[in-house]
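Here's a quick briefing to read with the structure open beside you. We'll go from the packing inside to the strands, a few alanines, and then how far to trust it all.

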Amino acid sequence: MAKVHIVIPARFASSRLPGKLMLDLAGKPVIAHTIERALSVSDSVFVATDHEEILATVNAIGAKGIMTSVEHNSGTDRLAEAASILGFADEDIVVNLQGDEPLIPGELLSQVSTLLSNHPDAGIATLMQSITATEDFLNPNVVKVALGEDNRAVYFSRAPSLTLEMSLMRKARHYLKVVFIATSVSMPTVYQP
């Protein structure tokens with residue numbers, strides 16, 4: 001039976017807000033809240049980071065941290081390195097939970113894990129929700145998903161696009177980072193072990 005692992009990529013040098021994972025949120029660092037949310041769903045939670053301060057915080061709260069390269073271009077690359085180091089089984093499910101998502105409902109983490117468990121041939125799964133507000137459609141902080149047949153993602157973009165605009169019923173907001181079957185975790189990355 002496939003085990004569900006949650007890996008939280010935690011880069012310190014965020015381009016929009018460096019150190020955001022260490023900012024105080026209700027008396028704890030943001031990353032601590034994210035870890036707690038992940039632990040409500042799985043007992044296999046790892047923080048993959050490139051920064052000693054984040055690693056020390058993770059260890060201090062009793063979570064499992066792993067150091068990864070500072071050279072990664074994306075959280076998915078960091079997750080691929082962590083999965084390689086940790087040696088997950090090929091059939092395991094690996095949830096990529098962003099460190100700055102402390103308020104994500106645990107139900108969504110479970111939902112996307114179950115979705116992929118029920119359709120392992122997909123290799124990759126993600127969640128989305130319909131965009132109904134024009135301001136969300138135009139907001140570059142909202143990742144948009146263009147949908148094809150059977151609600152399969154065709155592409156993701158922060159920019160509004162003509163394709164998305166032409167079909168209000170076919171645009172959606174990307175809600176959760178991608179979830180992988182462990183054997184697929186390195187497919188969309190540039191990380192090479």
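Contact here means heavy atoms within 4.5 Å. Keep in mind that you're looking at a predicted model, with an average pLDDT of 80 over the chain.

**The main core**
- Start with isoleucine 31: leaving aside residues up to four places away in sequence, its contacts are Ile8, Ala10, Leu21, Met22, Val47, Thr57 and Gly99.
- Ile31 is also one of the members with the most core neighbours in the largest nonpolar core, which has 24 residues.
- The others in that group are Ile6, Ile8, Ile35, Val47, Ile54 and Leu97.
- Which elements give two or more residues to this core? They are strands E1 (4-10), E4 (45-49), E6 (93-96) and E7 (124-130), plus helices H1 (30-39), H2 (52-60) and H4 (106-118).
- As background, nonpolar side chains tend to be buried together in soluble globular proteins.

**A second core**
- There's a separate core too, made of 9 residues, with Phe46, Leu79, Ala83 and Phe88 among them.

**Strands E4 and E5**
- E4 runs parallel to strand E5 (residues 64-67), and 4 bridges join the two.
- If you want one pair to look at, take threonine 49, whose bridge partner in E5 is methionine 67.
- Put helix H2 into the picture and you get a β-α-β unit of E4, H2 and E5, which is right-handed.

**Two alanines to compare**
- Is alanine 32 buried or exposed? Alanine 32 has a relative accessible area of 2%, so it counts as buried.
- You'll find alanine 32 in helix H1.
- Alanine 60 sits 28 residues away from alanine 32 in sequence, with 9.9 Å between their C-alpha atoms.
- Alanine 26 is in the loop between strand E2 (24-25) and strand E3 (28-29).
- Alanine 26 counts as exposed because its relative accessibility is 72%, and exposed means over 50%.
- The backbone at alanine 26 is worth a look: phi is near 55°, a positive value in a non-glycine residue.
- For context, most residues other than glycine have a negative phi.

**How far to trust it**
- A pLDDT of at least 70 is reached by 83% of the residues.
- Over residues 165-170 the pLDDT falls below 50, and this stretch has 8 contacts in the model beyond near neighbours in sequence.
- Residues 174-179 also have a pLDDT below 50, and that stretch has 36 contacts beyond near neighbours in sequence.
- Where pLDDT is low, don't read the predicted coordinates in detail.

How values were computed:
Residues are numbered from 1 along each chain as its sequence is written. Side-chain values use heavy atoms; hydrogens and water are left out. A nonpolar core is a set of buried Ala, Val, Leu, Ile, Met, Phe, Trp, Tyr and Cys residues joined through side-chain atoms within 4.5 Å. Buried means under 20% relative accessible area, exposed over 50%, partly exposed in between (1.4 Å probe, protein chains only). Two strands pair if DSSP finds at least two bridges between them. A crossover is right-handed if, with the strands pointing away from the viewer, the path from the first strand over the helix to the second runs clockwise. pLDDT is the predictor's confidence in each residue, from 0 to 100.
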